[in-house]
Amino acid sequence: MKTLIKNGQINTRKNETVPAEIWIEEGKIKAIGKSFPEAEFDEVFDAKGQLITQGLVDVHVHLREPGFTYKETIAAGTRAAARGGFTTVCAMPNLNPVPDTAEKLKHVYELIKKDAVVKVLQYAPITENLRSEVLIDQEAMIKEGAFAFTNDGVGVQTAKTMYLAMKEAAKNNKALVAHTEDESLLFGGVMHAGKKAEELGLPGILSVTESSQIARDLLLAEATGVHYHVCHVSTKESVRIIRDAKKAGIHVTAEVSPHHLILSDEEIPEDFGFWKMNPPLRGKDDRKALIEGLLDGTIDCIATDHAPHGLEEKSKSFLESPFGIVGSETAFQLIYTHFVETNRFTLEQVINWMAVKPAEIFQLNAGTLTIGAPADLAVFDIEHLRKIDKNEFMSKGENTPFDGWKVKGETLFTFVDGKIVWQKEGKEKWSAC
């Protein structure tokens with residue numbers, strides 16, 4: 001099968017957008033040029049002058065299957081990813097059952113093989129059933145496809161457990177990925193401990209709940225030599241200590257989510273569950289520090305933390321609803337509109353943070369637009385404004401505060417290994433990878 005994407009634009013390393021066409025053959029990028037004869041191709045897709053990029057890479061999504069299929073399924077979650085221009089996603093293990101044995105992990109990968117329309121890498125947990133202090137068998141999990149280890153959703157509460165897990169991960173040359181949250185400092189908090197929490201009469205989550213556990217873990221990472229990756233950084237203190245750790249030569253990487261870059265707690269209009277996420281929206285100074293952290297390399301990449309929930313459970317108050325926000329279908333659009341269009345980030349930087357760097361730091365065969373690479377590609381309309389409409393989501397989750405926002409960067413096409421997995425205008429073609 002020979003496929004051509006014509007009439008596109010690609011972003012160069014000089015941050016210039018130039019005309020280009022992509023020749024795809026046998027699932028790989030065969031050539032990048034300007035004028036290929038259409039008659040030689042089996043399929044031709046017209047990019048209509050819009051942006052062609054390598055497929056985006058999201059190292060933090062929740063697909064909810066098995067165990068919570070009323071919130072999301074592998075099929076729906078990966079379709080949402082495809083609609084957002086993502087071609088590789090990394091799925092968290094807070095499932096039921098938790099994939100904490102080789103047999104359970106194998107079952108998850110069987111579901112992925114059957115239903116996923118983009119490439120999915122499955123995390124294994126650090127400990128049995130996430131909340132225990134019993135380490136899983138890392139070597140057995142790696143043999144079944146675990147690419148990294150995390151207890152995302154809960155922080156590892158004891159230093160001993162984290163230290164031993166890091167030693168094992170370092171021995172196996174795998175990343176230890178941390179949701180950092182000291183539960184002894186939570187005090188029942190449901191949103192950032194600031195003026196807005198006081199106004200709404202809600203218990204606050206202290207910034208030190210996150211940053212103190214990062215500080216602990218960074219010293220443990222230094223002692224063990226592990227690759228330590230910090231999930232969804234949200235506070236200025238966290239940025240500061242990660243920056244200092246990098247300067248000290250500790251092998252640490254970090255991600256930030258779009259909602260923490262764009263929103264602060266002051267913009268929460270009411271006590272409504274769509275605004276409840278973990279970590280919470282922080283203060284304006286925190287948001288500023290996160291942006292600065294991306295720009296100076298302290299934070300390595302952008303990840304969505306796509307966390308769908310049922311509409312009924314999220315349509316309650318902060319005290320009653322679960323933490324989480326969906327992000328797969330809105331991430332690129334929001335980042336492009338609010339940072340590239342306003343000249344705060346370059347397009348090259350955004351592609352780097354959302355495709356190149358996540359693949360590099362986890363050593364994934366993804367995130368590159370080069371001849372011979374897998375033909376994992378996305379075409380984005382960066383010219384026309386549209387409204388985000390949660391009723392159009394491929395995800396089963398609608399829990400976003402960005403509903404109705406006007407954005408540029410809608411995905412026109414997404415290809416995985418040269419096969420189309422998303423096409424706008426109701427012409428979607430689904431096939432498991």
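Student: How do you know what span to expect for helix α7, with its 12 residues?

Tutor: The expected span of a helix is 1.5 Å times one less than its number of residues. For α7 (residues 236–247) that gives 16 Å, and the distance from the first C-alpha to the last comes out at 17 Å, close to the expected figure. Keep in mind that this is a predicted model, where local features need pLDDT of at least 70, side-chain atom pairs count only at pLDDT 80 or more, and totals for chains, interfaces and linings use all residues. Residues are numbered from 1 along each chain as its sequence is written, and side-chain values use heavy atoms, with hydrogens and water left out.

Student: What makes a stretch a helix or a strand in the numbering?

Tutor: Both are DSSP runs numbered from the N terminus: helices are H or I with at least four residues, strands are E with at least two.

Student: How do you know whether the span of α9 agrees with its 13 residues?

Tutor: Same recipe. At 1.5 Å a residue, α9 should span 18 Å, and its end C-alpha atoms are 18 Å apart, so the two agree.

Student: What comes just after α9, and what follows α7?

Tutor: A glycine in each case. Glycine 297 comes just after α9 with a positive phi of about 90°, and glycine 249 follows α7 with a positive phi near 90°.

Student: Which residues of α7 are called buried, and what do they pack against?

Tutor: Buried means under 20% relative accessible area, exposed means over 50%, and partly exposed is in between (1.4 Å probe, protein chains only). In α7, Ser238, Val239, Ile241, Ile242 and Ala245 are buried. They pack against α6 (208–224), β13 (227–230), β14 (252–256) and α9 (284–296), where contact means heavy atoms within 4.5 Å. Buried residues of α9 include Ala289, Leu290 and Ile291.

Student: Why is α6 called roughly parallel or oblique to α7?

Tutor: Two packed helices are described by the angle between their axes and the distance between the axes. The axes are lines fitted to C-alpha atoms, for helices over the stretch in contact, and angles run from 0 to 180 degrees between N-to-C directions. Under 35 degrees counts as roughly parallel, over 145 as roughly antiparallel, 65 to 115 as roughly perpendicular, and the rest as oblique. α6 and α7 pack at about 15°, with axes 8 Å apart. That angle makes α6 roughly parallel to α7. By class, their contact has 6 nonpolar, 2 polar and 2 charged residues. For those classes, Ala, Val, Leu, Ile, Met, Phe, Trp, Tyr, Cys and Pro count as nonpolar, Asp, Glu, Lys and Arg as charged, and the others, Gly among them, as polar.

Student: And why is α1 called roughly parallel or oblique to α2?

Tutor: Helix α1 (residues 74–83) and helix α2 (residues 102–115) pack at about 60°, with axes 9 Å apart. That makes α1 oblique to α2. The meeting residues are Ile74, Ala75 and Thr78 in α1 and Val108, Leu111, Ile112 and Asp115 in α2. This contact has 5 nonpolar, 1 polar and 1 charged residues.

Student: What makes histidine 232 buried or exposed?

Tutor: Its relative accessible area is 3%, so histidine 232 is buried. It lies in the loop between β13 and α7 and has a positive phi of about 25° although it is not a glycine.

Student: How does aspartate 417 count at 33% relative accessibility, and why?

Tutor: Its 33% falls between the two cut-offs, so aspartate 417 counts as partly exposed. Its phi is also positive, near 50°, in a residue other than glycine, and its place is the loop between β19 (410–416) and β20 (419–423).

Student: Why is threonine 87 called buried or exposed?

Tutor: With a relative accessible area of 1%, threonine 87 is buried. Threonine 87 lies in strand β7 (residues 86–91). Not counting residues up to four places away in sequence, its contacts include Leu56, Val118, Leu377 and Phe415.

Student: How do you know whether asparagine 151 counts as buried or exposed?

Tutor: Asparagine 151 has 2% relative accessibility, so it counts as buried. It is found in the loop between β9 (148–150) and α4 (159–171). Leaving out residues up to four places away in sequence, asparagine 151 touches Pro125, Ile126, Thr127, Leu130, Val156 and Val177.
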